[in-house]
Amino acid sequence: MYKAVTRGIRVTVEPRFVEEESQPDKGKFFFAYTVEITNLTTDRVQLRSRHWRIVDGRGAVQEVRGAGVVGKQPVLGPGESFTYTSGCPLPTPDGTMAGDYTMTSESGEVFRAEIPAFSLDSPFVKRVVH
């Protein structure tokens, strides 16, 4: 479990390798991640957009930007949470993801909430111990 809190917005991520959607012999590795976004403030906030930085095991970087998450732009009142699950295919058995959500407060202020960097690891990763 990975966690970050920015300006009272807590983002928790739990990644997992999805073996049934992967084909290691063809260089296809699929990862799912469940995100919980919790509003710890006394203000209503809305998630407007997302930005992801995905790095595969070879160091190739992919930037992903878009409106909302899973087709939604949730509004969170004080103490409320929104949870969703999404996925990420990689050509390598490991990688990392990190990013941020653009949020808008009830008063119209726009700010970014950090998505903590998290590791995508499959059982097919070859580890070297020195």
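**Strands, burial and ring pairs**

Me: Why does Thr-12 count as buried?
Reply: Thr-12 has 9% relative accessibility, and buried means under 20% relative accessible area, with exposed over 50% and partly exposed in between (1.4 Å probe, protein chains only), so Thr-12 counts as buried. The model is predicted, so that local features need pLDDT of at least 70 and side-chain atom pairs count only at pLDDT 80 or more, while totals for chains, interfaces and linings use all residues. Residues are numbered from 1 along each chain as its sequence is written, and side-chain values use heavy atoms, with hydrogens and water left out.

Me: Where does Thr-12 lie, and what is Thr-12 in contact with, leaving aside its neighbours within four places in sequence?
Reply: Thr-12 belongs to strand 2, strands (E, at least two residues) and helices (H or I, at least four) being DSSP runs numbered from the N terminus. With contact meaning heavy atoms within 4.5 Å, Thr-12 touches Met-1, Tyr-2, Lys-3, Thr-34, Val-35 and Glu-36 once those neighbours are left aside.

Me: How do you know that strand 2 and strand 3 pair, given the bridges that join them?
Reply: Two strands pair if DSSP finds at least two bridges between them, and 9 bridges join strand 2 (residues 9–17) to strand 3 (residues 29–39) in the antiparallel sense, so the definition is met. Ile-9 has Asn-39 as its bridge partner in strand 3, and Arg-10 stands opposite Thr-38 in strand 3. Strand 3 also pairs with strand 7, again antiparallel, over 10 bridges, and there Ile-37 stands opposite Phe-82.

Me: What makes strand 1 and strand 7 the edge strands?
Reply: The 4 strands form an open, antiparallel sheet in the order 1-2-3-7, and strand 1 (2–6) and strand 7 (81–90) each pair on one side only.

Me: What makes strand 3 mostly covered?
Reply: Of the 11 residues in strand 3, 9 are buried. One of the residues in this strand is Tyr-33, which at 5% relative accessibility counts as buried.

Me: Why is the pair of Phe-29 and Phe-124 called tilted, and not stacked or edge-to-face?
Reply: Rings of Phe, Tyr and Trp (its six-membered ring) pair if their centres lie within 6.5 Å, and planes under 30 degrees apart count as stacked, over 60 as edge-to-face and the rest as tilted. By this rule the count comes to 8 aromatic pairs. In one of them, Phe-29 and Phe-124 lie 6.1 Å centre to centre with 55° between the planes, so the pair is tilted. Phe-29 in strand 3 and Phe-124 in the segment after strand 9 (110–121) are 95 residues apart; Phe-29 is buried at 6%, whereas Phe-124, at 36%, is partly exposed.

Me: What makes Tyr-33 and Phe-118 a tilted pair?
Reply: Their centres are 5.8 Å apart and their planes meet at 50°. Tyr-33 lies in strand 3 and Phe-118 in strand 9, so the pair ties together parts 85 residues apart in sequence, and Phe-118 counts as buried at 2%. Ring pairs link Tyr-2, Tyr-33, Trp-52 and Phe-118 into a cluster.

Me: How do you know that Arg-7 lies over the face of Phe-111?
Reply: A charge sits over a ring if NZ of Lys or CZ of Arg is within 6 Å of the ring centre and within 35 degrees of the ring normal, and Arg-7 lies over the face of Phe-111 at 4.5 Å from the ring centre.
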